[in-house]
Amino acid sequence: MAAPPPRTVLVTGCSSGIGLAVAVQLARDPQRRYQVVATMRDLSRRGPLEAAAGETLGETLRILRLDVTSDSSVAECLGGVPGGRVDVVVNNAGVGLVGPLEAATGPQIQRVFDTNVFGVLRLIQALLPQMKQRRSGHIVVVSSVMGLQGVAFNDIYSASKFAVEGLCESLAVQLLRFNIL
Ligand SMILES: NC(=O)c1ccc[n+]([C@@H]2O[C@H](COP(=O)([O-])OP(=O)(O)OC[C@H]3O[C@@H](n4cnc5c(N)ncnc54)[C@H](OP(=O)(O)O)[C@@H]3O)[C@@H](O)[C@H]2O)c1
């Protein structure tokens with residue numbers, strides 16, 4: 001029996017850390033089950049990903065620009081995906097903020113929520129119509145233990161991850177009927 005076609009997996013925040021590791025791991029799948037769209041907001045930071053991707057680059061992994069805080073960047077990125085089709089999205093991009101609450105500036109707080117909350121919302125909203133139409137899809141959101149329990153001096157970050165937990169808990173039930181897991 002012929003193998004099913006590879007699934008397109010879009011990962012955000014692949015310039016470093018978890019996003020980079022997930023993208024490379026999937027691209028190196030021995031059974032080549034995934035076509036990875038590894039995204040980052042600043043393509044000048046693509047060196048470590050390219051090095052880790054090795055021979056998968058241009059084969060099972062491609063790199064596109066995506067700033068999750070920008071509607072136009074999301075649209076442009078999805079426009080660069082063949083057929084615009086994304087089977088699996090890994091919302092990984094995130095930023096932290098540590099320190100006493102009164103020391104945090106408005107722009108710093110805004111940045112955390114723009115990235116960790118509205119960034120996740122923006123991409124899910126963009127992808128839900130196609131996933132619902134196909135009645136298939138996977139939405140992964142990288143949260144944190146601080147989305148379940150607050151931690152001193154991480155008030156803003158923790159609040160942003162709690163928001164994401166609420167979003168996912170609510171969505172998960174509704175999306176079951178569309179076979180989106
Ligand atoms: N590491 C941990 O212990 C831990 C624990 C719990 C949860 N997490 C979560 O895991 C996720 C990944 O974190 P990490 O530890 O791998 O940290 P990281 O190495 O700092 O990676 C964060 C990634 O997000 C990207 N990013 C930031 N703002 C963005 C934007 N506006 N658009 C697109 N990408 C953006 C960063 O890109 P730039 O390079 O351009 O900044 C970077 O690629 C985050 O959601 C984080 O909250 C991490």
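Okay, let's start with the cysteines. The sulfur of Cys14 has its closest cysteine sulfur in Cys77, and that one is 10 Å away, so it's too far for a bond. Keep in mind that this is a predicted model. Cys14 is also buried, with 0% relative accessibility.

What about Cys168? For its sulfur, the closest cysteine sulfur belongs to Cys14, 18 Å off, and that's again too far for a bond. Cys168 is partly exposed, at a relative accessible area of 30%. The cut-off for a disulfide is a pair of cysteine sulfur atoms within 2.5 Å, and by that rule we count zero disulfides.

On to the rings. How many aromatic pairs turn up in the whole structure? Zero. There is a charge over a ring, though: Lys132 has its charged end sitting over the ring of Phe178, 4.8 Å from the ring centre.

Last stop, the pockets. The largest pocket holds about 560 Å³ of space. There are 28 residues lining it, and the ones closest to its centre are Gly13, Arg41, Ala93, Gly94 and Val95. Which elements give two or more residues to that lining? Those are α1 (17–27), α4 (106–134) and α5 (155–176). And if you want the chemistry of the lining, the residues split into twelve polar, nine nonpolar and seven charged.

So, a quick recap: zero disulfides, zero aromatic pairs, Lys132 over the ring of Phe178, and a largest pocket of about 560 Å³. That's me done, thanks.

Key: Residues are numbered from 1 along each chain as its sequence is written. This is a predicted model: local features need pLDDT of at least 70, side-chain atom pairs count only at pLDDT 80 or more; totals for chains, interfaces and linings use all residues. Side-chain values use heavy atoms; hydrogens and water are left out. Buried means under 20% relative accessible area, exposed over 50%, partly exposed in between (1.4 Å probe, protein chains only). Rings of Phe, Tyr and Trp (its six-membered ring) pair if their centres lie within 6.5 Å; planes under 30 degrees apart count as stacked, over 60 as edge-to-face and the rest as tilted. A charge sits over a ring if NZ of Lys or CZ of Arg is within 6 Å of the ring centre and within 35 degrees of the ring normal. On a 1 Å grid over the protein atoms alone, a cavity is a set of points where a 1.4 Å probe fits but cannot get out, and a pocket is an open set with protein on both sides within 12 Å along at least five of seven lines; lining residues have an atom within 4 Å of a point. Grid points are joined across faces, edges and corners, and a volume is the space filled by probe spheres set on the points. Helices (H or I, at least four residues) and strands (E, at least two) are DSSP runs, numbered from the N terminus. Ala, Val, Leu, Ile, Met, Phe, Trp, Tyr, Cys and Pro count as nonpolar, Asp, Glu, Lys and Arg as charged, and the others, Gly among them, as polar.
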